[in-house]
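Trainee: Could you take me through the salt bridges in this model, please? I would like a close look at how the charged side chains pair up.

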Amino acid sequence: MRPLPRRIPAIAASGLAAVLLLTGCSELQQVSDGVDKAQQCVQAAGIVTDTVKKLTTLADDPAAVEKALNDGATKLGDLADKASNTTLKQAADDVSERLKNLDVNDAQSAVDAVQKAGSESVAWIRQLTEACS
């Protein structure tokens, strides 16, 4: 029986190392995806919180209220477009639409929109965080 050429064990070792490396990379990718999802969830809730906080200081300026609502909706829409989690994407799109649908035509409707956003924000944040579970 002839001994195996030295290249065969080296090739086998290289193949085994490649399999182990790829398996490890797959697990690292899963961890990375989990971190990205968690970051996106925190960002989504933060966008709602920041928007409502900004609205409370603008209640007497209808144009500024409408701009803040649209800015918050745009940020959530952008986050939804980048979301790796389909459920989070749907929730962010839904909350974004709700912000866009708050009509601001005059001073009274601005106050109403601010109040509505304030009262609904807890439910919106809950919807976003549940999408991340």
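Mentor: Happy to; we will go through the salt bridges helix by helix and then look at one polar side chain. Keep in mind that this is a predicted model. The structure holds six salt bridges.

Let's start in helix H2, which covers residues 62–82. Here Lys67 pairs with Asp71, and their closest N and O atoms are 2.9 Å apart. The two residues are four apart in this helix, about one turn. Asp71 is partly exposed, with 30% relative accessible area. The helix itself has 21 residues, which at 1.5 Å a residue should span 30 Å, and its end C-alpha atoms are indeed 30 Å apart. H2 also has a set of buried residues, including Ala64, Val65, Ala68, Leu69 and Gly72. Further along H2, the buried residues include Ala73, Leu76, Gly77, Leu79 and Ala80.

Next comes helix H3, residues 86–100. Glu97 and Lys100 form a salt bridge there, with 3.4 Å between the closest N and O atoms. These partners sit three residues apart in the helix, so about one helical turn separates them. Glu97 is partly exposed because its relative accessibility is 38%, between the 20% limit for buried and the 50% limit for exposed. Lys100 is also partly exposed, at 41%.

Helix H4, residues 107–131, brings another pair. The side chains of Lys116 and Glu120 meet in a salt bridge at 3.9 Å, N to O, which falls inside the 4 Å cut-off. Lys116 and Glu120 are four residues apart, again about one helical turn. As for their surroundings, Glu120 is partly exposed at 24% relative accessible area, and Lys116 is partly exposed at 40%.

Beyond these pairs there is a network: salt bridges link Asp81, Lys89 and Asp93.

While we are in H4, have a look at Ser109, which belongs to this helix. Ser109 is buried because its relative accessible area of 14% is under the 20% limit. A polar atom of the Ser109 side chain lies 2.6 Å from the backbone nitrogen of Asn105. Setting aside neighbours within four places in sequence, Ser109 is in contact with Asp103 and Val104.

So, as you turn the model, try picking out Lys67 with Asp71, Glu97 with Lys100 and Lys116 with Glu120, and then find the network of Asp81, Lys89 and Asp93.

Technical notes:
Residues are numbered from 1 along each chain as its sequence is written. This is a predicted model: local features need pLDDT of at least 70, side-chain atom pairs count only at pLDDT 80 or more; totals for chains, interfaces and linings use all residues. Side-chain values use heavy atoms; hydrogens and water are left out. Buried means under 20% relative accessible area, exposed over 50%, partly exposed in between (1.4 Å probe, protein chains only). The expected span of a helix is 1.5 Å times one less than its number of residues. A polar contact is a pair of N or O atoms within 3.5 Å; within protein, one must be able to donate a hydrogen and the other to accept it, and residues adjacent in sequence count only if both atoms are side-chain atoms. Contact means heavy atoms within 4.5 Å.
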